[in-house]
Amino acid sequence: MDLCRTASRSRIAASIVLVSLALMPGVAAAQSEGPVRIGVAAPLSGTSAILGEQVRAGAEAAARRLSQDGGAVETVAADTECTPDGGERAARSMVEAKVTAAVGFLCTEALETALPILREAGIPAIVVGVRANRITDKRAKSGALVWRIAPRSDAEASAIAAVLIARWRDLPFGIVEDGSIYGRGLADAVRSRLEAEGMKPSTLDNYRPAEEKQFGLARRLQKTGVTRFFIAGDRPDIAVIARDAAASGLTAEIVGGESLLDESSADTPLPEGIIAIGPQTEFPTLVEGGSAAPPQGYEGPAYAAVEIAVAAARQAAAGGKAIADVLNQTAFTTALGTIRFDAKGDSDLDLYRSFTWQGGRFVETAVQP
């Protein structure tokens, strides 16, 4: 083997790779000419369209404001349909539109087909909805250009445990779950975090979901003498449990996860004082002039994602850097606070809050021990 010729071929190949990378907008330094064009990937049709429209509204609001602050910002919307094929089509349309970065993505299946296409084109993706841990856990291996401001799938358990530690550290409490994969997994994850802090539940129980009555569970809980319970289950079930516990003479303090924040058409109302731990759903600091209500749901995260994408593009253009390097190394000032990304691409943004059911709605409340 001719090692000299082999080394020469390797250097030539490396040079070709470097030149190719220099032409990729997400890897090389951003171009300073023209507007910053941001792709907005979201489900804009089908059952998830209402959520996709929140993403588009937040992204467009941020683009309007940033255009006023210095340099035009354009958005290009693409319907992911929450399907693998939709994600692929959305990614290809953004490549054709020559976007600088893509924001959005609410569905894992759409994101996973989009990322290889965006990576090949050098377009970084800033994810606002997909929580699956594997998206960022395997970033180093896959080479995906992905950063995430959505919480990881294990963030809910950590947020719940933090609240329970603050409220119940030296008090007896129980954990109840509905037997589903989600409910059991959440209950186990919360329990593990609490036990790591020396907090062992006094009782553990479960129930069959979607029952009209839960007196059996209520009586079991009453016999334990415990009055504080974390319940991993859906809102209709927790409403029935609270109602039947009260009818059985048990005045219980109940804390649930973010499923309590879901809209419910069930006949049984939630009682006053039930606590839900979930992501922030209203963003009053983002109200634009003339708006009647604060942005909802994904509007806030999408707004922040565009702020980050534009700031990274502008910094990259000004400093001759790759946008990916800026995303990895910079603390970004956004309407939701300062956001940084770790080595995997996950952000330090904490959207989880404590909400208390008061007057027929959940009201954000400070965590009180």
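Contact here means that heavy atoms lie within 4.5 Å. With that in place, this briefing on a predicted model turns to an open sheet of seven strands with mixed pairing, to helix α7, which lies across four of its strands, namely β8, β9, β10 and β13, and to Val73, a residue of strand β2.

**The sheet**

- The seven strands follow one another in the order β7-β6-β8-β9-β10-β13-β14, and their pairing is mixed.
- Because β7 (203–206) and β14 (361–365) stand at the edges, each with a single partner strand, one side of each is left without a neighbour in the sheet.
- On average, and with direction ignored, neighbouring strands of this sheet are turned by 30° against each other.

**Strands β9 and β10**

- Strand β9, covering residues 253–256, runs parallel to strand β10, covering residues 275–279, and two bridges join them.
- Within this pair of strands, Gly256 stands opposite Ala276, which belongs to β10.

**Helix α7 across the sheet**

- Helix α7 is formed by residues 155–168 and lies across β8 (228–232), β9, β10 and β13 (352–358), with a direction at about 175° to that of β8.

**Val73 and its surroundings**

- Val73 lies in strand β2, which spans residues 73–79, and it counts as buried because its relative accessibility is 9%, where the cut-off for buried is under 20%.
- When residues up to four places away in sequence are not counted, Val73 touches Val36, Ile38, Ala63, Leu66, Ser67, Val310 and Arg314.
- Glu60 is 13 residues from Val73 along the chain, and the C-alpha atoms of these two residues are separated by 9.2 Å.

Technical notes: Residues are numbered from 1 along each chain as its sequence is written. This is a predicted model: local features need pLDDT of at least 70, side-chain atom pairs count only at pLDDT 80 or more; totals for chains, interfaces and linings use all residues. Side-chain values use heavy atoms; hydrogens and water are left out. Two strands pair if DSSP finds at least two bridges between them. Axes are lines fitted to C-alpha atoms, for helices over the stretch in contact, and angles run from 0 to 180 degrees between N-to-C directions. Buried means under 20% relative accessible area, exposed over 50%, partly exposed in between (1.4 Å probe, protein chains only).
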